[in-house]
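Here is my note on the model you asked me to look over. Please read it with the coordinates open.

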Amino acid sequence: EVQLVESGGGLVQAGGSLRLSCAASGFSFDDYAIGWFRQAPGKEREWISCISVSDGSTAYLDSVKDRFTTSSDNAKNTVYLQMDSLKPEDTSVYYCAADTFGYCRDGVLYGPALYHHWGQGTQVTVSS
């Protein structure tokens, strides 16, 4: 069974940093792309980043590309999202998800539709 577990969320002041983790199990880690999403109350689930585990290539939503960095530790089957210079508008529940295609696809165009394995989410709250 494919399982993804997010951790690392919390409360931080504007301008601060958090590192989220996505621990994967139950599948061949190198065969997947891992996406990051967020969903705030009353809003659609929004794609923000992706990493191809096999080659390390990444993609980002324009509004976070200068502040967020995703990476993988293949030996630990874990993907990270380093979030710097956080803003109140980053407040959301953050999710990781797996795409069996194995390479990042257009998250702005497709949103969550291509991802069929999801973690349960971790809350990030940024205060002003």
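The points below go from the overall chain to the disulfides, the aromatic residues and two serines.

1. Status of the model. This is a predicted model, and every value below should be read with that in mind.

2. Overall make-up. The protein chain has one helix and eleven strands. Read from the N terminus, the order of elements is β-β-β-β-β-β-β-β-β-α-β-β. The radius of gyration is 13 Å, close to the 14 Å that the globule rule gives for 128 residues, so the chain is as compact as a globular protein of that length. Along the principal axes, the C-alpha atoms fill a box of roughly 40 × 30 × 25 Å.

3. Burial and contacts. Of the 128 residues, 41% count as buried. Among contacts with a separation of 6 or more, 61% are between residues 24 or more positions apart. The disulfides and one of the aromatic pairs, taken up below, give examples of links between distant parts of the chain.

4. Disulfide pattern. How many disulfides does the model contain? The count comes to two. With bonded cysteines counted along the chain, the pattern is 1-3, 2-4. As a reminder, a disulfide is a covalent bond between the sulfur atoms of two cysteines.

5. Cys22 and Cys96. These two cysteines form a disulfide with their sulfur atoms 2.1 Å apart. The link is right-handed, with 75° about the S-S bond. It joins distant parts of the chain: Cys22 belongs to strand S3 (residues 18-25) and Cys96 to strand S9 (residues 92-99), 74 residues apart. Both Cys22 and Cys96 are buried.

6. Cys50 and Cys104. The other disulfide joins Cys50 to Cys104, with an S to S distance of 2.3 Å. Its torsion about the S-S bond is about -100°, so this disulfide is left-handed. Cys50 lies in strand S5 and Cys104 in the loop between S9 and H1, and the two are 54 residues apart. Are the two ends of this bond buried or exposed? Cys50 is buried, with a relative accessible area of 0%. Cys104 is partly exposed, at a relative accessible area of 24%; the cut-off for buried is under 20%, so Cys104 does not count as buried.

7. Aromatic pairs. A search of the whole structure finds seven aromatic pairs. In the pair of Phe37 and Tyr115, the ring centres are 5.0 Å apart and the planes stand at 80°, so the arrangement is edge-to-face. Phe37 is in strand S4 (residues 33-39), while Tyr115 is in the loop between helix H1 (107-110) and strand S10 (117-118), 78 residues away. Phe37 and Tyr115 are both buried.

8. Aromatic cluster and Arg45. Which residues make up the cluster that includes Phe37? Phe37, Tyr95, Tyr115 and Trp118 form one aromatic cluster. Arg45 is placed over two rings of this cluster. Arg45 lies over the face of Tyr95, 3.9 Å from the ring centre. The charged end of Arg45 also sits over the ring of Trp118, at 4.8 Å from its centre.

9. Ser49. This residue is in strand S5 (residues 46-52), the strand that also holds Cys50. Ser49 is buried, with a relative accessible area of 1%. What lies close to its side chain? A polar atom of the Ser49 side chain is 3.0 Å from the backbone oxygen of Ala59. Leaving out residues up to four places away in sequence, Ser49 touches Ile34, Gly35, Trp36, Ala59, Tyr60, Thr70 and Leu81. Ala59 thus appears both as a contact and as the residue whose backbone oxygen faces the polar side-chain atom at 3.0 Å.

10. Ser85. This serine is in the loop between strand S8 (78-83) and S9. Ser85 is partly exposed, with a relative accessible area of 40%, whereas Ser49 is buried. Its contacts, again not counting residues up to four places away in sequence, are Gly15, Gly16, Ser17, Arg67 and Asp90. Ser85 and Phe68 are 17 residues apart in sequence, and their C-alpha atoms are 8.5 Å apart in space.

Key:
Residues numbered from 1 in each chain as written. Predicted model: local features only at pLDDT ≥ 70, side-chain atom pairs only at ≥ 80, totals over all residues. Heavy atoms only, no water. Phe/Tyr/Trp six-rings, centres within 6.5 Å; stacked < 30°, edge-to-face > 60°. Helix = DSSP H or I, 4+ residues; strand = E, 2+ residues; numbered from the N terminus. Buried < 20%, exposed > 50% of the residue type's maximum accessible area, 1.4 Å probe, protein only. Lys NZ or Arg CZ within 6 Å of the ring centre and 35° of its normal. Polar contact = N/O pair within 3.5 Å; in protein donor to acceptor, adjacent residues only side chain to side chain. Contact = heavy atoms within 4.5 Å. Disulfide = S-S within 2.5 Å. Rg over C-alpha atoms; globule rule 2.2 N^0.38 Å.
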